[in-house]
Amino acid sequence: MALKDVFLQHPERRYIMFGGKGGLGKTTFSAAAAYWLATHGKKVLVFSVDPQASLTDIFKQDIFGKGPVKIMENLWAQEIDADSHIKAYQQEIRQKILDRYGLPEVPEEIENYIQAASAEPAMEESAIFDAVVDVVMKGDYDYYIYDLVPLGHALYYLSMAKVYDEWINKITKLREDMREYEEMVSRLKHEKITEQDEILQELLYIKNRINTSAGILTDKTKTGFFFVVTPEAMIIEDTKKAAEMFAKFDVPLAGYVVNRVIPHELLEQNIPEYLRRRIAMQDQHLKEVHTVFDDQVMALVPEMERDVTGLPMIKKLADIMFA
Ligand SMILES: Nc1ncnc2c1ncn2[C@@H]1O[C@H](COP(=O)(O)OP(=O)(O)OP(=O)(O)O)[C@@H](O)[C@H]1O
Ligand SMILES: [Mg+2]
């Protein structure tokens, strides 16, 4: 099946992701897919949490940390500034504690706890995930294209329900610590402890969000995950392994898209032996790609004459990718 048909036959798949090893073309394909959908009348948001601001590069427009930025008719791009999200998150926790307990400042132990928890990778992932949930739940786009970070890292996001669980456990612990603190204060003030537990309410709210979003992202009917591969032995090998791992997280695999295929037309021209050999080598690996991934291979995208930045180049690539 051609990539175009995958999209046309599954209009209910509104959450699209391109995953793969570093530098293979995830951002390029995300932008190309967003462009293609936008020109077909769909309202699209392509977004990333990559601190390297790669959407800024490909669209040649500074969008980092600016919310959704309109690129062209029907197409918006957003780069989430994860760091500021984590800071805002910490501040929110502090404020809640101050409001709840009417304190002039956050007690040192609690502050230390907030700092320590924020340094945890799980907390960082959760803050990022939270931002992603916000984007996906608040917007009113027809399509959301999530430009992922390289594989290993992406696995974190895709196991987010698990990551989030860890984070919730941490917060629950914080809740318990607060309770002790609260009891102590109450004893000092000779007051009765109020039973109303706002923090617990908060936890339940978060849990509900996780279930909703984890549901979306692992829902085969709503989500399409594509692997980007190139015709190289090591990449094929690694992608095979990664696909097995992703399957364990119930990631709905929609297919593979091969990038950087040197055009065969070149063989009809007077080209150097060097290039002929590269093409022959790629042919071998392409055979392997077809054997291993079989009818899951949705498109072959050529090595372009230059890097893919700016709308004209994105269009050029998208026209081939979705032919
Ligand atoms: N088919 C292609 N032809 C020419 N250049 C390409 C092609 N695909 C990707 N590139 C270029 O290769 C570079 C890496 O591509 P891209 O940024 O899309 O990879 P990525 O998988 O998103 O990388 P990262 O893992 O760092 O996020 C970019 O400069 C891009 O323009
Ligand atoms: Mg990228």
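## A tour of the protein and ligand 1

Start with the whole protein, coloured by secondary structure: there are 12 helices and eight strands. The model is a predicted one. The protein has 323 residues, and buried residues make up 50% of them. Switch on the surface next. The accessible surface comes to about 16300 Å², and carbon and sulfur atoms account for 53% of it. Contacts in the protein can also be sorted by distance along the sequence. Of those with a separation of 6 or more, 74% join residues 24 or more positions apart.

**Ligand 1**

Select ligand 1 and show the residues around it. The shell holds 17 residues, and the closest are Lys26, Thr27, Thr28, Arg260 and Val308. Colour the shell by residue type: six residues are nonpolar, six are polar and five are charged.

Which atoms of Gly23, Lys26 and Thr28 should be picked out here? For Gly23, go to the backbone, where an N or O atom lies 2.9 Å from an oxygen atom of ligand 1. For Lys26, go to the side chain, which has an N or O atom 2.7 Å from an oxygen atom of ligand 1. For Thr28, a polar side-chain atom is 2.5 Å from an oxygen atom of ligand 1. On its own, ligand 1 has 630 Å² of accessible area, and the protein covers 81% of that.

**Helix H2**

Now ask which elements supply at least two residues each to the shell around ligand 1. They are helix H2, residues 26–39, and strand S7, residues 253–261. H2 gives the most, with three residues.

Select H2 by itself. From its first C-alpha to its last, this helix of 14 residues reaches 20 Å, close to the 20 Å expected at 1.5 Å a residue. Is H2 mostly covered or mostly open? It is mostly covered, with 13 of its 14 residues buried. Move on along the chain past H2 to Gly41, where phi is positive, near 80°.

**Strand S7 and Arg260**

Return to ligand 1 and pick Arg260, one of the closest residues in its shell. Arg260 is found in strand S7. Its phi is near 65°, a positive value in a residue other than glycine. Arg260 has a relative accessible area of 38%, so it counts as partly exposed; the band for that term runs between 20% and 50%.

**Asn74**

Leave the ligand and select Asn74. Where is Asn74 placed? It sits in the loop between strand S3, residues 69–72, and strand S4, residues 75–79. Asn74 is another stop with a positive phi in a residue other than glycine, here near 75°. Asn74 counts as buried because its relative accessibility is 18%, and the cut-off for buried is under 20%.

**Glu111**

The last selection is Glu111, in helix H5, which covers residues 108–119. Is Glu111 buried or exposed? Glu111 is buried, since its relative accessible area is 18%. To see some of what surrounds Glu111, show Arg94 and Val106: leaving aside neighbours within four places in sequence, these are the residues Glu111 is in contact with.

Notes: Residues numbered from 1 in each chain as written. Chains lettered and ligands numbered in written order. Predicted model: local features only at pLDDT ≥ 70, side-chain atom pairs only at ≥ 80, totals over all residues. Heavy atoms only, no water. Helix = DSSP H or I, 4+ residues; strand = E, 2+ residues; numbered from the N terminus. Buried < 20%, exposed > 50% of the residue type's maximum accessible area, 1.4 Å probe, protein only. Contact = heavy atoms within 4.5 Å. Near = heavy atom within 4 Å. Polar contact = N/O pair within 3.5 Å; in protein donor to acceptor, adjacent residues only side chain to side chain. Areas by Shrake-Rupley, 256 points an atom, 1.4 Å probe, with all protein chains shown as cover. Nonpolar A, V, L, I, M, F, W, Y, C, P; charged D, E, K, R; others polar. Expected span 1.5 Å × (residues − 1).
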